[in-house]
Amino acid sequence: MPYLLLLKRVIAQSIDLLLFYYGFHRYYDWVNANNPMAYDRLFDGVGELFEFTPIWVVYSFVFEWFTSGYSVGKWLMGLQVVKINGNSIGFREVFLRVAIGLIFISAVV
């Protein structure tokens with residue numbers, strides 16, 4: 001049973017990343033509509049990771065805070081982030097989750 005929950009979390013995170021990547025790509029298209037050389041450097045290295053990560057952090061923070069622990073992927077997979085006592089998470093808990101995730105991302109890079 002724990003493996004099923006882990007699989008659901010991985011799928012939920014993947015859904016969120018795919019949706020976010022699609023949105024980021026559409027935004028990049030819009031911003032660089034008049035720049036034919038824009039795709040020569042799209043996601044070609046660590047520099048793009050530093051463009052992508054802050055927007056992902058803001059997305060994660062705002063989405064989980066305003067929806068009380070849901071994201072699109074979590075909602076589709078039937079998951080919700082809650083406190084240990086079962087109550088909805090608030091600003092502080094979302095902030096800690098995002099901060100720890102950011103520390104993890106910076107440790108991997």
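## A tour that starts at S68

Select S68 first: with a relative accessibility of 27%, S68 counts as partly exposed. You'll find S68 in the loop between α2 and α3. Keep in mind throughout that this is a predicted model. Now check the backbone torsions: S68 has a positive phi of about 55 degrees, although S68 is not a glycine. For context, most residues other than glycine have a negative phi.

**Zoom out to the whole chain**

Switch to cartoon view and colour by secondary structure. You should count 4 helices and 0 strands in the protein chain. Following the sequence, the pattern reads α-α-α-α. The chain has 109 residues, and buried residues make up 25% of them. If you like contact maps, pull one up: among contacts with a separation of 6 or more, 54% are between residues 24 or more positions apart.

**Select the largest nonpolar core**

Show V57, F61, V81, I89, V94 and V98 as sticks; these 6 residues form the largest nonpolar core. Which helices each supply at least two residues of this core? They are α2 (46-66) and α4 (91-108). Centre on V98 next. Leaving out residues up to four places away in sequence, V98 touches V57, S60 and F61. Apart from this core lies another one, of 5 residues, and F20, F24, W56 and Y59 are among them.

**Move to α1: D16 and L17**

Now jump to helix α1 (residues 2-31) and pick D16. What does D16 touch, once residues up to four places away in sequence are set aside? The list is W56, Y59, S71, V72, G73 and K74. You may recognise W56 and Y59 from the core of 5 residues. D16 is an odd one to look at: D16 is buried yet has no salt bridge. The nearest side chain of opposite charge belongs to K74, and K74 is 4.7 Å away. That misses the cut-off, because a salt bridge needs a side-chain nitrogen of Lys or Arg within 4 Å of a carboxyl oxygen of Asp or Glu.

Step along to L17, also found in helix α1. L17 is partly exposed, at 36% relative accessibility. Draw a distance from the C-alpha atom of L17 to that of G73: the two are separated by 8.8 Å, with their positions 56 residues apart along the chain.

**Follow the charges**

Side chains of opposite charge can pair when their charged atoms come close. Searching the whole structure turns up 4 salt bridges. Start with K74, which forms one with E64; their closest N and O atoms are 2.6 Å apart. K74 sits in helix α3 (residues 72-77) and E64 in helix α2, so this pair ties together parts that are 10 residues apart in sequence. Are these two partners buried or exposed? Both K74 and E64 are buried. Add R97 to the selection and you have a network of salt bridges linking E64, K74 and R97.

Next, select E93 and K83, whose side chains meet in a salt bridge at 3.7 Å, N to O. Here E93 belongs to helix α4 and K83 to the loop between α3 and α4, so the pair again connects parts that are 10 residues apart in sequence. Colouring by accessibility helps here: E93 is buried, with a relative accessible area of 18%, while K83 is partly exposed, with a relative accessible area of 31%.

Keep E93 on screen and bring in R92. R92 and E93 form a salt bridge too, with the closest N and O atoms 3.4 Å apart. R92 counts as exposed, at 59% relative accessibility.

**Last stop: the largest pocket**

Turn on a surface, then look inside. Rolling a probe the size of a water molecule over the atoms shows where empty space is left. The largest pocket holds about 900 Å³ of space. How many residues line this pocket? There are 28, and Q13, W56, E64, K74 and R97 lie nearest its centre. Three of those names should be familiar: E64, K74 and R97 are linked in the salt-bridge network. To see the walls, colour by helix: α1, α2 and α4 each supply at least two residues of the pocket lining.

Notes
Residues are numbered from 1 along each chain as its sequence is written. This is a predicted model: local features need pLDDT of at least 70, side-chain atom pairs count only at pLDDT 80 or more; totals for chains, interfaces and linings use all residues. Side-chain values use heavy atoms; hydrogens and water are left out. A nonpolar core is a set of buried Ala, Val, Leu, Ile, Met, Phe, Trp, Tyr and Cys residues joined through side-chain atoms within 4.5 Å. Buried means under 20% relative accessible area, exposed over 50%, partly exposed in between (1.4 Å probe, protein chains only). Contact means heavy atoms within 4.5 Å. Lys and Arg count as positive and Asp and Glu as negative; His and the chain ends are not counted. On a 1 Å grid over the protein atoms alone, a cavity is a set of points where a 1.4 Å probe fits but cannot get out, and a pocket is an open set with protein on both sides within 12 Å along at least five of seven lines; lining residues have an atom within 4 Å of a point. Grid points are joined across faces, edges and corners, and a volume is the space filled by probe spheres set on the points.
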